Amino acid sequence: MAMNFWSKGPLYNPSEEHAALRESVARWALANLDEQADEHDAVEEFNIGLFRRMAQELGIFGVTVPEEAGGLGMDATAAVIIHEELSRFDPAYTLSYLAHEVLFVNNFFNSSNADQRERYLKKVTDGTWLAGMAMSEPGAGTDVLGMRTTVRPDGDGWRLNGTKQWITNSTLGDVFLVYAKNEDPDGRSLSSFIVESSWEGFSVGRKEAKMGMRQSPTAQLIFDNVYIPRENLLGVEGGALVGMMRNLEIERLTLAAQSVGIAMQATEVMSDYAINERRAFGKPLSAFGQIQRFIGEAYAKTEAARALTYQAAKSTSADTRNSLGAAAAKLVATTTAEEVARNAIQTLGGYGYTREYKMERLLRDAILLSIGGGTNEAMQKNITGDIVRMIRR
Amino acid sequence: MKVLVTAKRVVDPDVKVKLDGSGNLDLSNVEYKLNPFDEYGVEEAVKLKEAGKADEVIVVSVGTSDSQKEIRTALAMGADRGILVEVDEDEDLDPLTIAKLINGVVQREEPQLILLGKLAVDAENNQVGQMLGALTGFGQGTFAYRLDIEDGYAIVGREVDGGTADVKVALPAIVTADLRLNEPRYASLPGIMKAKKKPLDVLTPDDLDVEVDAQVRVVGYELPPERAAGVIVADVDELIEKLRNEAKVIG
Ligand SMILES: Cc1cc2nc3c(=O)[nH]c(=O)nc-3n(C[C@H](O)[C@H](O)[C@H](O)COP(=O)(O)OP(=O)(O)OC[C@H]3O[C@@H](n4cnc5c(N)ncnc54)[C@H](O)[C@@H]3O)c2cc1C
């Protein structure tokens, strides 16, 4: 049943194209994602066939890449719409899409040169290649600048050595955007490279067993003296920090959008169950005050998280930075998704705890969103840091 | 070959329509979409173009300016250009008026094939295609589940009571689409971005020399009576007993 109680208007669909995009993605997700989500969660395998079919049927790759460069010329709001609508039915599938589209394609495009676009853009936007991004390491997550993967000049290129941890799409990916430190004395200068998985010295570690996001493959990437030719340096040598920070903003926004999708789905499921399905003591569950608190707070908080996420998306692009807005949206939306999914399970009682109503899967998936792309504690730290810079006397 | 295909804006059939206090439809919180049967028509037209059998696909909608959205959806699916025959919101439109307006477009564009949905899921009249046949004098194949174009003919596989029947209709022809005709594609994001730049002309009934004067008007809406709650019977014997003595449907 379509539930029409969510806010509408230009904040959510700023143009006719945004509205048409939302309608198509929502229909596609309902028809294709819902039916495969439980099964792929259970077997912990990414549905790569569906991913390739999505490239043909929806063409939602290169969304934020300008049209003249062969992309779709849309904005962060369009990316948020897509992640919200897909995540309602399968957050794990959506996470792998995010790693491909936001962590690789958007990131790659913003730092690439014409030759690199020529060589890679088509392959990653027509569904031929699956991509990902490797930043985190076994000993460096939040403290990303503590990374120890290095590049050393060799001939006309570099030799890459190190290990990346929890890399989404690692087991199936064809190409990765990899951050590494230059072996220089100050130890802060980062470079980014395009690394293909077929190259000598590239290997993938054991696939991680996870609480949630099970359809999305996560594993280590191990680089053993991988040779990177000069033409695969992304941007300028030692200058990757700006691109990394810039891309974290749209990553956090789309992770917030995924959280919003989960919270919307949970609110709809609990409302329908309490109003139309389950009766107790001769009344629908929605007649009880404690259940009204679950529904009322789920609706209000989800609307708030959604409004904040779209508001932040309005001012996020490669040129107009908005780290404060993206961090705030991620903090609020991820917390909301966890709370609302948890309360949906409570509203559904025993049925909520079983897999039949899918809420337990959404809750397991939601928890990752408070960790990946920067933890909620890191968001609190970043927000305060930004505010300190703005108002310190 | 030029193909004209219709695209009506209808209330999303998945939403529950309510009535307001005075017996009118409460449309304050409903979503609109392209009539699903028109979607089959659009898909078929685009497939004919992809197969090299059609050169141009023109999509036409009769409605308020809001119907541009449904035309854009059809353009995003692959139609080439759109025509909106714009009418006022409070204008009554009956099937004959709509057929006359579409006929006006047919006279201007002279398509060889006109594809329509067999009905629109809002009013479910199932009349416009047939009336358009009478107005144009073209042959028609209604309730199509299959369509082939060969040597100046449309071969239409039709859904009929108890089976199917094939008819061969000389072009120009009118075909109305039924459920099994095809599986409509999604409007892809590249399609949506291209649709933005495709031409969409707006015409008025005056431009087409059609007087809007509906002979059939909706005078009111009523919801079906609420059904009484069912009962769970213990066994087949009780069911038979109730069917015989309470419902009196078996002897
Ligand atoms: C399923 C999954 C997919 C992932 N995909 C990718 C990927 O594709 N690419 C990639 O590069 N990475 C990926 N990651 C890694 C992810 O970005 C990191 O897990 C995340 O940044 C947190 O780092 P950490 O796990 O090392 O935690 P830590 O940094 O070790 O943090 C541990 C705890 O300490 C807190 N903490 C740390 N520093 C501070 C501080 N300064 N102030 C206050 N609290 C602090 C944290 O909030 C947290 O609670 C993925 C992770 C998972 C689980």
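## Domains of chain A

Chain A is assigned three domains: domain 1 (16-129), domain 2 (132-238) and domain 3 (241-391). The model is a predicted one.

Domain 2 of chain A and domain 3 of chain A have centres 30 Å apart, taken over C-alpha atoms. They also touch: nine residues of domain 2 of chain A are in contact with nine residues of domain 3 of chain A. On the domain 2 side of this contact, five residues are nonpolar and four are polar. No charged residue appears on that side.

## Ligand shell

The ligand has 25 residues around it. Those that come nearest are A:Met135, A:Gly141, A:Thr142, A:Thr375 and A:Glu377. Four elements of chain A each give two or more residues to the shell: α4 (91-111), β1 (131-134), β3 (157-168) and α11 (376-391).

Domain 2 (132-238) and domain 3 (241-391) of chain A each supply at least three residues to the shell around the ligand. By class, the shell holds eleven nonpolar, ten polar and four charged residues.

## Contact between chains A and B

Chain B puts 18 residues into the contact, and chain A puts in 17 residues. On the side of chain B that touches chain A, α2 (68-77) and α5 (189-195) of chain B are the elements that give two or more residues.

That side of chain B has eight nonpolar residues and seven charged residues. Three polar residues complete the side of chain B that touches chain A.

How values were computed. Residues numbered from 1 in each chain as written. Chains lettered and ligands numbered in written order. Predicted model: local features only at pLDDT ≥ 70, side-chain atom pairs only at ≥ 80, totals over all residues. Near = placed C-beta within 6 Å. Nonpolar A, V, L, I, M, F, W, Y, C, P; charged D, E, K, R; others polar. Domains from an automatic or database assignment. Contact = placed C-beta atoms within 7 Å.
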